[in-house]
Amino acid sequence: MRRYVIKRLLSLVGTLLGVSVLIFLMVHLIPGDPATQILGQFATPEAISQMRAKLGLDQPLWQQYLRFVGNLFAGDLGTSLFTGEKVWDQIMNRFPITMQLAILSVIIAAIFGILLGTIAAVKQNTIIDRLVVLASLLGISAPGFWIALFLIWIFAYKLALFPISGYEGIHSLLLPAITLGLAEAGMIARMTRSSMLEVIRQDYMRTAEAKGAALFRVILSHGLPNAIIPVVTMLGLQFGALMAGAVVVETVFSLQGIGSLAIEAISKRDMPTIQGMVFFMALIFALTNLIVDLIYSRIDPRIHFD
Amino acid sequence: MKIHKWKQGAMSVFVATALIAGCSSQPTNQTGNDTAAKGNTLVIASLTDPDSLDMHKTSWLSMENSLIYEPLLTRDATGKLHPGLAEKYEISQDGKVWTFILRKDVRYHSGDPMTAASVKDSFDRLLAISPVKGLAGPIEKVEATDEHTLKVHFSQPFAPFVNVIVGGLVSPLDAKKAKELGDGFADNPSATGPIIFDKRERGASLTYKKNPDYNWGPEYAANKGPLQFDSMMFRFMKDDDTRLMEFKKGTVHVLYDAPPNSVAELETLPGVKIEKVMDIGNKYIALNNKHPLFSDVRLRKAVALSVDRDPLVQVALNGFGKPVYGPLAPTIYGYSEAIESKAKQLYTRDLGKARQLLAEAGWTDSNGDGIVDKDGKPLSVEMLVSQEPAFQRAVQILQSQLKEAGIDMKISVQEMTTIKERISKKSYDMALMYYGWFDADILYLIFEKSNSTSRTHYNNPELDVLLNKGRLEMNEQSRLKIYEEAQEILVNDLPWVPLWVSETVIATRGVKGFTVNPYTQGITLHDVTLEK
């Protein structure tokens, strides 16, 4: 297990190196001079050339890249061109909200998705099953901003149970988390349902039932653990994506997470922040995947890592 | 016992959430709507968080980051010049030395008195670090001749300086504090304004509290003393629907940049007032005058004559704007009604005349497809436009209007940075652009040959002479006359096609006396009161 983790961590470094090349090229291939963009159209030519020197834009591309990677692996993501703050500090200031939001949404998605999916599978081809399938389809296909505005309208504006926007503590995150969680719950429900349907037909399920165990117990102790593996993969992937920033939802709810930070950075062409964010997101994604893989072995002892 | 492990997993996620929630760096009640609307706090919903509160480092002074700074001279809502931090000013015979007599009762937020020496230090800092110091003109040196007398020496006369002052670029900041704090000044700025920086949640909110010692309000304000509310907060919200709901719920007093299509609904709400403030600049079609097509003045004019500005304003802007035909918006110093009406007469839509000009240039519709052609090639041009919604709507109207004149216009949506880059490389036909400035000197910044900000690559020595003269002429009447001549050239030769001047729409509720000055583009806070 330990060897496996080390191996995975090493390959992570390789992945991050690849990502660093992509990020670097991405930012440098976008047209437009960042120095002019930062200083505005009325900046003096000397101020612009000073800024170009400060950004290292006057050096050959390969030198710029080496410096960029060197800093990256030394843990220095650079300094924001607009705010003058360290990119790492900016991300860390914003990350707690996104992290809370991601955890809450995944919990909501997991609870509703697994519950509904299991019920639908057990009650296959009944009206309950069809309702669940329909509801999950709605959850998947309704646009996030629409759900968000609908929830704000009902629960924040009409009923005044929550703030409309902004962050005042964890209860401010409930509506955005539901917004994100609903769409994912739909996907989780469908996946749980089909996975569970396969498991239900297995011999060991029939055996357990034949031995007189209650249906509830059979599903819970024999069915679910076997059906849940693809669901965990899905949850893990979604969690990674959520941590990397729920851009739309953070914008609608005016939440200061890393999704909104990314949007701000891109609109202002704040190169170091964009680069740092993408790098950070890649790291989060890779780590989440690793954790998901490790969770497998705990759920299903047949999966070994050597 | 696999289930137990799963439960454990779920538990640890809960614990993690609780932990993160506990140690989150986000203070509660920062953006709290309850605290905000009930207390004696003026709450303004605003679109963008400024980059820096240090006015010498910001890329643009906006209401969010300029309110703590006060200009030496100011204008009232009718455009009339008034004393600000300077009681009076005087310009030497040769126009090179500006002398300011400063008020004696002004203190910075740090408690230090504002003296000529401190204002000099502020100027020196600006000249040392501001990327836009060029806008302040050819300043040679600044000296404090006594405790309250400041002299600004120019290497040559610079007439636009008065409007540079009004615009706030050279407003004094607390240079001693700036020196002490270095980069940290942006997080703890100090100046002379009626509000004092309080706290900032990047991207979420910006809070100021009132300056209790303030007693030097401008002449045109009824209240010269401290503000009549305790604090003010900008809340940054990007999503239009969210901003609207916050305003309707009553959690913000002022909805800045109200979405134009929501104004009709807002007007029906009890207590809501809608104010419109005209921009200090135009939106225009930048034509590439170096392009083989638009180096021909007949084609430039044909484009102008194909455009009907009224539907642009009515449809693309929901009526919140004014058509303009001449070079300067009415709120810019140097605007001339005579020029505007002449331009209007010349370029009000006339498809017959447009087609005639095209025909004179050799472009006629020989194959009957509705598009004029020459040597078998149709007249097809590309319009660069940014993603801004109003621009997007406008450019589609323009497309159909130009088509009626026989010009095939293709729309190319690009990022503004890309557009600017292509313009500077001269690889474009036309682009939908904008400008904004406090003085007719903007024409120098756009058109004079030494400027890199040209959007049209138009070169006219006669115009250059006038635009340079306009900077040097200290006599106001003569100066305005020079700009009339310069504008006349621009109207006759038409290197660009001015389209409209936008209006910012502001909805307010629960607040009295909230006004925005169109000439300085600043909020006047002095007479603002909150309704309880």
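Colleague: What makes B:Q521 count as partly exposed?

Modeller: Its relative accessible area is 26%. Buried means under 20% relative accessible area, exposed means over 50%, and partly exposed is what lies in between, using a 1.4 Å probe and protein chains only. The value for B:Q521 falls in that middle range, so the residue is called partly exposed.

Colleague: Before we go on, what kind of model is this?

Modeller: This is a predicted model, in which local features need pLDDT of at least 70 and side-chain atom pairs count only at pLDDT 80 or more, while totals for chains, interfaces and linings use all residues. Residues are numbered from 1 along each chain as its sequence is written, chains are lettered from A and ligands numbered from 1 in the order in which they are written, and side-chain values use heavy atoms, with hydrogens and water left out.

Colleague: Thanks! Where does B:Q521 lie?

Modeller: In chain B, B:Q521 is in the loop between β22 (515-516) and β23 (523-524). Helices (H or I, at least four residues) and strands (E, at least two) are DSSP runs, numbered from the N terminus. The phi of B:Q521 is positive, about 60°, although the residue is not a glycine.

Colleague: Why is a positive phi worth pointing out?

Modeller: Because most residues other than glycine have a negative phi. Chain A offers a case too: A:S254 has a phi near 50°, and it is not a glycine either. You will find A:S254 in the loop between α11 (247-252) and α12 (258-268) of chain A.

Colleague: Is A:S254 buried or exposed?

Modeller: Its relative accessibility is 8%, so A:S254 counts as buried.

Colleague: How do you know that B:L299 is buried?

Modeller: The relative accessible area of B:L299 is 3%, so the residue is buried. B:L299 sits in helix α9 (residues 297-306) of chain B. Leaving out residues up to four places away in sequence, B:L299 touches B:L293, B:F294, B:L358, B:A361, B:W363 and B:L379, where contact means heavy atoms within 4.5 Å. B:W363 is 64 residues from B:L299 in sequence, and their C-alpha atoms are 9.4 Å apart in space.

Colleague: Why is chain B described as compact?

Modeller: Its radius of gyration is 26 Å. That radius is taken over C-alpha atoms, and the globule rule is 2.2 Å times the number of residues to the power 0.38. For 532 residues the rule gives 24 Å, and 26 Å is close to that, so chain B is as compact as a globular protein of that length. Chain B contains 17 helices and 24 strands, and 58% of its 532 residues count as buried.

Colleague: What is chain A built from?

Modeller: Chain A has 13 helices and 0 strands. Its C-alpha trace spans about 85 × 55 × 30 Å along the principal axes, and 52% of its 306 residues are buried.

Colleague: Let's look at some helix pairs. What makes α7(A) oblique to α8(A)?

Modeller: Helix α7 (residues 144-158) and helix α8 (residues 174-200) of chain A have axes that come within 9 Å and cross at roughly 140°. Axes are lines fitted to C-alpha atoms, for helices over the stretch in contact, and angles run from 0 to 180 degrees between N-to-C directions. Angles under 35 degrees count as roughly parallel, over 145 as roughly antiparallel, 65 to 115 as roughly perpendicular and the rest as oblique. The crossing angle belongs to the rest, so α7(A) is oblique to α8(A).

Colleague: Which classes of residue form the contact of α7(A) with α8(A)?

Modeller: There are 9 nonpolar, 2 polar and no charged residues. Ala, Val, Leu, Ile, Met, Phe, Trp, Tyr, Cys and Pro count as nonpolar, Asp, Glu, Lys and Arg as charged, and the others, Gly among them, as polar. The α7(A) side includes A:L151 and A:F155, and the α8(A) side includes A:L175 and A:I178.

Colleague: Why is α6(A) called oblique to α8(A)?

Modeller: Helix α6 (residues 127-141) of chain A packs against α8(A) at about 140°, with axes 7 Å apart. By the angle ranges above, α6(A) is therefore oblique to α8(A).

Colleague: Which hand do the two crossings have?

Modeller: A crossing is left-handed if the near helix is turned anticlockwise from the far one by less than a right angle, and right-handed if clockwise. The crossing of α6(A) and α8(A) is left-handed, while α7(A) passes α8(A) in a right-handed crossing.
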